[in-house]
Amino acid sequence: MRFYNTLTRREEEFVPLRGRQVRMYTCGLTVYAYGHIGNFRTFVCLDVLRRALKYLEGYDVRQVMNYTDVDDRTIIESEKSGLPLREYTDRYISAFQEDAVRLGLEPVEETPRATDEANLHAMTGMIEALEKNGHTYRSDGSIYFKISTMPQYGQLARLDHEGIKPGARVDADRYDKEDARDFVLWKATQPGEPTWDYGVGPGRPGWHIECSAMALRLLDGPPIDIHAGGVDLVFPHHENEIAQSEGATGTQFSRFWFHVEHLLLGEGGKMSKSVGNVFTVRDVLEKGFRASALRYVLLSVHYRKQLKFTWDSLSQADEALTRLMDCLVRLDTVPQSDVETTVTEKVEVSRRDFSEMMKADLNTPGALGVMFDFVRMVNAAIDAGEISSSDVTLVRETFEYFDQVLGVIRIRRAEDTVPPVPVEEIEKLIGDRKAARSNRDFTKADRIRDELAERGIMLEDGSAGTRWKRK
RNA sequence: GGCGCCGUCGCCAAGUGGUAAGGCAGAGGUCUGCAAAACCUCCAUCCCCGGUUCAAAUCCGGGCGGCGCCUCCA
């Protein structure tokens with residue numbers, strides 16, 4: 001499969017370095033608050049990348065996604081809440097996991113935390129290697145990475161160093177750097193802050209070191225195959241990760257760099273706390289939208305394009321998903337038949353087109369288009385009676401094939417198993433309505449239908465009887 | 001100031017040299033007690049101006065407009 005490599009600024013054919021195993025590190029959430037829908041755009045896209053590698057290419061994927069559970073923000077917020085750091089971040093890790101399940105993210109192989117002891121040891125070990133290689137200096141108990149010792153620094157971000165004006169922005173993490181571009185590897189203990197002493201002096205890790213150390217520890221050393229995250233991490237985070245890792249090991253850190261563009265709010269541009277336009281997954285659900293609709297919206301725009309999020313887009317996504325699910329439900333009503341059809345050939349074409357779309361730099365909008373073409377073909381075949389029982393099985397398998405990668409039908413189904421009205425009550429009301437209809441008491445029949453609609457249940461009369469679905 | 005991205009039907013969005021996928025919304029029709037669903041039909045020449053080419057939404061140049069990054073950030 002091909003995808004865009006930020007390192008080379010080109011689309012490239014991806015093949016793992018070691019046999020069939022893909023070793024992938026994806027930057028996870030800083031667990032000081034609930035993840036917002038922009039965070040989850042990245043995570044959903046990375047989930048699709050993972051699924052495509054796994055199910056379309058058949059690779060054995062080993063993915064590591066970290067939780068950043070110690071940094072300025074986690075420390076400040078845990079202090080405000082009066083909870084110990086670990087306990088405070090535990091809450092947001094749980095919350096993230098709940099949101100991840102709702103959005104259909106596959107569990108990854110490893111989810112390390114920066115403050116796990118083994119990881120802190122890996123970080124201090126890497127810092128010691130950097131010191132030995134002459135890439136560091138100490139100042140007031142903190143250890144800094146000296147960028148002037150890495151001539152190739154800046155390869156990923158391709159920034160013009162001369163253009164960076166020292167002091168243009170306030171750096172909360174700055175202590176006494178010799179050069180504005182230098183960054184902290186290990187921060188000296190501050191009053192009231194958590195601290196660890198594993199060989200490089202007491203303090204806590206800088207932001208970038210955790211990812212380098214954990215990636216190399218959990219993915220069997222450099223170079224790893226893929227390193228991924230949101231575009232905003234290109235600089236400085238990923239650039240600095242490269243400097244640290246390559247300064248410590250002398251070997252390329254990651255072969256491919258995969259970055260997901262930002263989600264923007266329709267009007268306000270980038271989400272930001274100060275503007276007050278940050279929405280969490282919980283906010284979306286509280287407004288009455290379903291997680292499946294959110295996942296669909298996130299897949300409906302190519303991952304390298306900015307996604308302008310609007311509430312209307314969620315409504316449109318919900319309608320599209322309804323159409324998809326209706327088609328699946330209809331398959332259950334197809335009568336037994338062994339007619340000769342051309343469905344098999346059409347299935348093959350759709351599968352091939354879908355796979356080609358996904359393998360061409362993860363073109364999810366294009367893949368959705370293929371799936372909806374397929375929906376129309378299936379609906380038309382059912383209407384025409386030109387679909388055999390074995391075709392039905394094949395069609396179901398094909399939707400499953402699409403959804404292994406898209407992951408949207410499965411969460412929609414899970415949502416549908418818990419309708420807003422108890423199933424027994426729905427079925428009783430359908431029975432009442434059927435009786436009313438046979439008595440030609442359409443007033444009563446319509447009232448039952450309207451009342452259920454108000455409660456979020458839609459009724460549809462068909463030749464095989466009445467069926468219901470969640471609105 | 002430096003680097004980069006984007007501008008396709010009312011809305012969302014693929015396509016990146018060979019004559020415009022798909023979804024939502026809309027119009028007409030079939031079906032239905034009425035609806036709903038489904039199907040059929042209809043609905044764009046791609047921000048503007050030049051240029052290259054037999055051929056451009058797709059390449060080049062110039063505008064106009066929107067956005068991102070330049071050490072908080074997915």
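Start with the whole of chain A on screen: of its 471 residues, 51% count as buried. Keep in mind that this is a predicted model. Zoom out and you'll find that the C-alpha trace spans about 90 × 50 × 40 Å along its principal axes. Switch to a cartoon view, where the secondary structure comes to 15 helices and 15 strands. Here's something to keep in mind as you look around: take the contacts in chain A between residues at least 6 apart in sequence, and 77% of them join residues at least 24 apart.

**Stop one: a pair of helices**

Select residues 72–81, which form helix H2, and residues 85–102, which form helix H3. At what angle do H2 and H3 pack? It's about 100 degrees, and their axes are 9 Å apart. That angle falls between 65 and 115 degrees, so H2 and H3 are roughly perpendicular to each other.

Now show the side chains where they touch. On the H2 side, pick Thr74, Ile75, Glu77, Ser78 and Ser81; on the H3 side, pick Leu85, Tyr88 and Thr89. Sorted by class, this contact has 3 nonpolar, 4 polar and 1 charged residues.

**Stop two: the hidden side of H2**

Stay on H2 and color Thr74, Ile75 and Ser78. These are the buried residues of the helix. Where do they sit around the axis? They cover an arc of only 100 degrees, which puts them on the same side of H2. There's a handy rule behind this sort of pattern: an α-helix has 3.6 residues a turn, so residues three or four places apart point the same way.

Next, look at what lies over those buried residues: the cover includes H3 and strand S8. Before you leave, click on glycine 82, just after H2, which takes a positive phi of about 80 degrees.

**Stop three: the sheet**

S8 leads you to the next sight, an open sheet of 4 strands in the order S5-S6-S7-S8, with antiparallel pairing. Which strands are at the edges? Select 136–139 for S5 and 203–205 for S8; each of these pairs on one side only. On average, and ignoring direction, neighbouring strands in the sheet are turned by 25 degrees against each other.

Move inward to S6 (residues 142–145) and S7 (residues 183–188), an antiparallel pair with 3 bridges. Try clicking isoleucine 143: it stands opposite tryptophan 186 in S7.

Last, bring up residues 117–132, helix H4, which packs on the sheet and touches S5, S6, S7 and S8. The direction of H4 makes about 120 degrees with that of S7.

Notes:
Residues numbered from 1 in each chain as written. Chains lettered and ligands numbered in written order. Predicted model: local features only at pLDDT ≥ 70, side-chain atom pairs only at ≥ 80, totals over all residues. Heavy atoms only, no water. Axes fitted to C-alpha atoms, helices over the stretch in contact; angles between N-to-C directions. Helix = DSSP H or I, 4+ residues; strand = E, 2+ residues; numbered from the N terminus. Parallel < 35°, antiparallel > 145°, perpendicular 65-115°, else oblique. Contact = heavy atoms within 4.5 Å. Nonpolar A, V, L, I, M, F, W, Y, C, P; charged D, E, K, R; others polar. Pairing = 2+ DSSP bridges. Buried < 20%, exposed > 50% of the residue type's maximum accessible area, 1.4 Å probe, protein only. Arc of directions from axis to C-beta.
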